[in-house]
Amino acid sequence: MANNINLTINGIAVNVEEGQTILEAAKKLNIKIPTLCYHKDLCVAGNCRVCVVEQVGNKKLLPACATPVHEGMEIQTNSLEVRNSRKHIIELLLSEHNADCTRCYKNGNCELQELASEYKITNPDFIDLVPFKEYSYDDLSPSIIKDDSKCIRCQRCVRTCADIQYLSALSVAYKGDEMKISTFGEKPMNEVVCATCGQCVIHCPTGALTEKNYIEEVWDVLADPDMHVVVQTAPAVRVGLGEEFNANSSGRVTGKMVAALKRLGFDSVLDTDFTADLTIMEEGTELLTRLKKAIVDKDKNVKLPLFSSCSPGWIKFIEHTNTSMLDNLSSCKSPQQMFGALAKTYYAKHRGLKPEKIVSVSIMPCTAKKFEANRPEMRDSGYQDVDYVLTTRELAIMIKQAGIEFNDLEEEKFDKLMGESTGAAVIFGATGGVMEAALRTAYELVTGREVPFKNLDITPVRGLEGIKEASVVIEDALPEWDFLNGVELKCAIAHGLDNAHKILERIKTGKANYHFVEFMACPGGCLGGGGQPIPTSPEIRKKRMEAIYAEDGDMPIRKSHENPEVLQLYKEFLGEPLGQVSHKLLHTHYTERERF
Ligand code: SF4
Ligand code: SF4
Ligand code: SF4
Ligand code: FES
């Protein structure tokens, strides 16, 4: 058991566990110490020195984020020397920085700007040095913009991409004054082993890494009376968007989000949750078909475990890193792309619209969805299936630009036809949600009974643990599925690409044997996606997750196969899961990519 340590901070006594840092001890006393290179998700780097504090009796200032507490320490966080040093450090950072805040995408939500404001850095000697240097600006990726002139070399992005996402697409190049954050061979982001997940974006404290935004393009189509603009909203957006408006702490703003989208002028406000339910129908059938081939037909070529395919960051990751396992991926498109393909076919037909007059916009918690929408194979409707992808953050900007008082909005409901969904769909936004939704449906299809978990809550697949495992034994299967009697259906869940890598290694080395694995690129699943509000932290992910399961619990229908609009879609248009029309519109194939 850890010993406790007594120390004082600014003369106030505090008792904390051994091993904690001065920063953590100060937090306990509600004393704020500024930080820049520190982030709760990441290992400590201690390289920016903004967090320096004074220890009585020690001539050197100490970095609070990297210094463990000792018994009897006397710390000052607000002495003259500390304040002057901090100010000087911020001035030095700004001296190498293109501090043109009014033309910066991060203006208003930038940690460096906030510190410069707090410390009133007004001396132009420090601010105006940068025009003499040349920096690279990379906007070739459809998802992410990298602007080196805004970089303070804190390396949060480097640690994020290496430790959370395994890929190390970003690394430190050169030394001293020349040091910069770069990619393999200094290639553009769209040519390297980048999953486009945006985790570096939500961890970057400045405007050096941002999403590529499509706000102006969407304003333009909304202003065009000839175009019919449909919008879909992903499950995780409704539990993140409120943070941009300091909305109430329950986290769920579904009805207000719908009302805001209607006020922005979208012709139809629909729900990606509808195609999340559809994904379960298609992917669940695919799983059962593969199991049948493996168990009944003894087909050696059938690939198990089946890997989920709704996270485009995960898809790009496996395309770069494990090309020999691409056939394990479900052929289902993500819910976003299923929606896009249906918007310009089924929806167009139903509403009597020409598909070329439909603009399909999606609101996603994700930057990888921007890449996904631009994949050349995502044109099965005969047009680009999804025209523009906006992140939760971009939607918040549009709502603010439109002068909408978000918190005062009356709640509204999604429009009909592709706007109806179930509790199983909304939990797609959390790690484990796809698995839980699939099990609720697959178990019931096979046995005719509800999955044997109280209130349909499959708790073993819930929570923020990096890798989760669960199994369900199939008993008393319906005659059609009697080959599954006694089968223990083994499942695993990984979120964050480092965890995905660990599970893939377990499978490849024969250390684990699963039937179905859910992979999500981002920590926490989509609720922690690279397009969600900044900051995103472990506490914030937990809060968003609670909101997702609360939304599920309140839904009148909680199983995908009971979604009336999905049943109508099969009856009127698709025929059956994995049928001919489904194959054409809802399924896809994958691409082998380079490792670097
Ligand atoms: S990164 Fe921050 S400090 Fe730098 S220009 Fe942008 S808003 Fe200003
Ligand atoms: S790109 Fe952002 S996170 Fe990476 S080193 Fe620069 S400022 Fe830090
Ligand atoms: S988007 Fe994701 S994979 Fe690409 S550099 Fe950033 S963290 Fe790494
Ligand atoms: S935040 Fe402590 S050294 Fe950077």
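These legends go with a set of close-up views of one predicted model. Local features here need pLDDT of at least 70 and side-chain atom pairs count only at pLDDT 80 or more, while totals for chains, interfaces and linings use all residues. Residues are numbered from 1 along each chain as its sequence is written, and chains are lettered from A and ligands numbered from 1 in the order in which they are written.

**View 1. The hairpin of strand 1 and strand 2.** Strand 1 (residues 4-9) and strand 2 (residues 12-17) pair in the antiparallel sense over six bridges. Strands (E, at least two residues) and helices (H or I, at least four) are DSSP runs, numbered from the N terminus, and two strands pair if DSSP finds at least two bridges between them. Look for Leu7, whose bridge partner in strand 2 is Val14. Two residues sit between the strands, and Asn10 takes a positive phi near 50°. Strand 1 also pairs with strand 5 (residues 74-76), this time in the parallel sense over two bridges; here Thr8 has Glu74 as its bridge partner.

**View 2. Helix 3 and its cover.** Helix 3 spans residues 111-118, and its buried residues are Glu111, Leu112, Gln113, Leu115 and Ala116. Buried is used when 20 or more other C-beta atoms, placed from the backbone, lie within 10 Å of a residue's own. Helix 2 (80-95) is part of what covers these buried residues. Just after helix 3 comes Lys120, with a positive phi near 50°.

**View 3. Around ligand 3.** The shell holds 14 residues, and the closest are Cys161, Ala169, Cys194, Cys197 and Cys200. To be near the ligand, a residue needs its C-beta atom, placed from the backbone, within 6 Å of it. Helix 5 (156-164) and helix 6 (199-203) each chip in at least two shell residues. Sorted by class, the shell has nine nonpolar, five polar and no charged residues. Nonpolar covers Ala, Val, Leu, Ile, Met, Phe, Trp, Tyr, Cys and Pro, charged covers Asp, Glu, Lys and Arg, and the others, Gly among them, count as polar.

**View 4. Ala521 in the largest nonpolar core.** This core has 163 residues, and Leu167, Val231, Ala521 and Ile548 touch the most other members. Helix 15 (residues 433-447) gives the most to it, with eight residues. Such a core is a set of buried Ala, Val, Leu, Ile, Met, Phe, Trp, Tyr and Cys residues joined through C-beta atoms within 7 Å. Leaving out residues up to four places away in sequence, Ala521 touches Ala195, Cys197, Ser311, Gly313, Trp314, Phe317, Ala368 and Leu497. Contact means C-beta atoms, placed from the backbone, within 7 Å.

**View 5. An open sheet of four strands.** The strand order is 13-18-17-16, and the pairing is mixed. Strand 13 (306-307) and strand 16 (467-473) are the edges; each has a single partner strand, so one side of each is left without a neighbour in the sheet. Strand 13 runs parallel to strand 18 (residues 516-520), joined by two bridges, with Phe307 partnered by Val517.

**View 6. Leu569 in helix 18.** Helix 18 covers residues 564-574. Leu569 counts as buried because 24 other C-beta atoms lie within 10 Å. Outside its neighbours within four places in sequence, Leu569 is in contact with Tyr346 and Leu574. Leu417 is 152 residues away from Leu569 in sequence, yet the two sit 9.0 Å apart, C-alpha to C-alpha.

Conventions. Buried ≥ 20, exposed ≤ 12 C-beta atoms within 10 Å, placed from the backbone. Contact = placed C-beta atoms within 7 Å.
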